[in-house]
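Hello,

Here is the structure you will be taking over. My notes on it follow below.

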Amino acid sequence: LLPDYFPVMVDKKSVAEIDVFQRVIDLRDSGAFMGRTKTVEQGFSKERRGTKQKIVLNAMQVFEDRMEDELYLIHMQKDIKQFSEIVGSKEYKEAAGDLGALAISEWLDLMARNGGVPGLEHHPIIDSLRVNTGHAMLGFKLSSFLIQPTALGPAIAISGLKNVSRATTNIVLHRKWREFVRDNFPEIRRRGGDDMAFLDLADGALMKGFQEAGMTPLKKADLITAASAALAAYDAHLQVLTGQGLGDEPGPVNKQAMILAERDVQRTQSSSSFKDAPLGLSRAGSFMKSLLQFQSYRLTNWSNFSHDVWRAGVREGNYKRAAEIFFWLTMTKLAETGIRSASKHGLLLLAGAVTGGGALAWREIEEEWDNYEKNALLEIAKTPPIIGDLIGMWAFHSSPIPSFQALGTIGQGAIGAATAKTEGARKKAGSRFAESAGTILGVPGISQAAQFLRQMVDVDPQSKRKIR
């Protein structure tokens, strides 16, 4: 950028649908980079006018966004153009079919815009509600944090238990292996989490910082899991390519094994990056993003079932391999159910200790364990996208759109608190009202806090007391 001129840039979200090439060329042609001249226009401020576009006033942010567009253009434009020409050819359409060519064409269009999508309707209120719901439900959530390592199940199915166990040990205990993965695996270095909700934050500085703090534990757990899966896949491919796996010390990276390992990470670990997400998520508008919220991991999991178990296994006659993958994917679901139950039971015991209702807490836990098989089967049945949501709606009487759930329950919570006959009923209704309001505002951890408060009511011996 020249010292005498600085380009005025609008909010990046508002130009996301324009491809990167056009963004760069338009700014260059606008005269912002004409260079020094002795005939500079006199009087920069002739009159002040309002604008509907949101202007970015942070100079460093403008510079960073501009450099990102320039670097993306330099490194990506040539390949994207060549691939687009191939996909548009008659030969490719005959080989891939109309549907396959359309899917790849849309993906390349997404890449050309660095994640932007043309022609989508963006509704700020719906988007804000979706973002806030994600942080309220995932932020500081104990069960979400604890189940992150279960994503190693699909990695075991692909790379083997021995390789995953050794890789996880190396990643957790040894800094040298973490640095090896960080330095050699771009997929891990760029990773922001396993759900696109990890990347969306509020606009306010205070709430943005709070939301980032709420997501930090999940991001850390996801990063360790993904790094372990990457190192395990690298080890497995290294054994096939060279006849020997990793040694005690990191050595020079084998580029071919690294590329194959990154492909396995993309297959087994959900990613918040637009380039890896299903087109239904990455090319969705405000309403569809709200409808498909929290679907990233489920779609990846279903892809493992439909591709690795069925198409690449059963249909190809590789029944042993299909059975192995099915076993580990099923074990993953059983582990998820067990961890969710265990985290809930741990909080119940804590609630019992606080309220003096330890006996009631143990009774609740015994009843929960009696339903473990039912809950596990329900979790497996929810694996298919959309169908799984319908099953969840039927089982839990929930809304198909998570971000709209709070709008329906906030009034119920307020009315319930006002008409409650017992102390426990009032506290429960009040917690639902607080949870709904906190969800709408995007307060991280409000879902976990409300759940714990209701558990305290359930095991409190005084909760049945009448309101005077």
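Which residues make the nonpolar surface patch of about 470 Å²? The patch is made by Met60, Phe63, Met67, Leu71 and Ile74. Of these residues, Leu71 lies in helix H2, which runs over residues 59–87. Leu71 has a relative accessible area of 47%, so it is classed as partly exposed. Please keep in mind throughout that this is a predicted model.

Overall make-up

The protein has 468 residues, and buried residues make up 39% of them. The secondary structure consists of 21 helices and 0 strands. Among contacts with a separation of 6 or more, 77% are between residues 24 or more positions apart. The protein exposes about 26400 Å², and carbon and sulfur atoms supply 60% of that area.

Salt bridges

Side chains of opposite charge can pair when their charged atoms come close. A search of the whole structure finds 18 salt bridges; three of the pairs are described here.

Helix H2 comes up again with the pair Arg66 and Glu70, whose closest N and O atoms are 2.8 Å apart. The two residues are 4 apart in helix H2, which means that about one helical turn separates them. Arg66 has 3% relative accessibility and therefore counts as buried. Glu70 is buried as well, because its relative accessible area is 14% and the cut-off for buried is under 20%.

A salt bridge also joins the side chains of Asp235 and Arg166, at 2.5 Å from N to O. Asp235 belongs to helix H10 (residues 205–242) and Arg166 to helix H7 (residues 161–173), so this pair ties together parts that are 69 residues apart in sequence. How do the two partners stand in terms of burial? Asp235 is buried, with a relative accessible area of 2%, whereas Arg166, at 32% relative accessibility, counts as partly exposed.

The third pair is Asp264 with Arg263, where the closest N and O atoms are 3.5 Å apart. Asp264 is buried, at a relative accessible area of 4%, while Arg263 counts as partly exposed at 40% relative accessibility. This pair is part of a network: salt bridges that share partners join Arg263, Asp264, Arg267 and Asp308.

Helix H19

Helix H19 covers residues 402–419, which is 18 residues. At 1.5 Å a residue the helix should span 26 Å, and its end C-alpha atoms are 27 Å apart, so the two values agree. Where does H19 bend, and by how much? The bend is at Thr409 and amounts to about 30°.

Pro402, Ser403, Ala406 and Gly413 are buried in H19. The cover over the buried residues of this helix includes helix H4 (124–138), helix H13 (286–291) and helix H20 (423–441).

Ala414 is also found in helix H19. With a relative accessible area of 36%, Ala414 is partly exposed, because that class lies between the 20% limit for buried and the 50% limit for exposed. The C-alpha atom of Ala414 is separated by 8.2 Å from that of Arg432, and the two residues are 18 apart along the chain.

Regards

Terms used. Residues are numbered from 1 along each chain as its sequence is written. This is a predicted model: local features need pLDDT of at least 70, side-chain atom pairs count only at pLDDT 80 or more; totals for chains, interfaces and linings use all residues. Side-chain values use heavy atoms; hydrogens and water are left out. Patches are made of residues with over 30% relative accessible area and no salt bridge: like charges are joined within 9 Å, nonpolar side chains (Val, Leu, Ile, Met, Phe, Trp, Tyr) within 5 Å. Accessible areas come from the Shrake-Rupley method with a 1.4 Å probe; for residues, only the protein chains shown count as cover. A salt bridge is a side-chain nitrogen of Lys or Arg within 4 Å of a carboxyl oxygen of Asp or Glu. Buried means under 20% relative accessible area, exposed over 50%, partly exposed in between (1.4 Å probe, protein chains only). Contact means heavy atoms within 4.5 Å. The expected span of a helix is 1.5 Å times one less than its number of residues. The bend at a residue is the angle between axes fitted to the seven residues ending there and the seven starting there.
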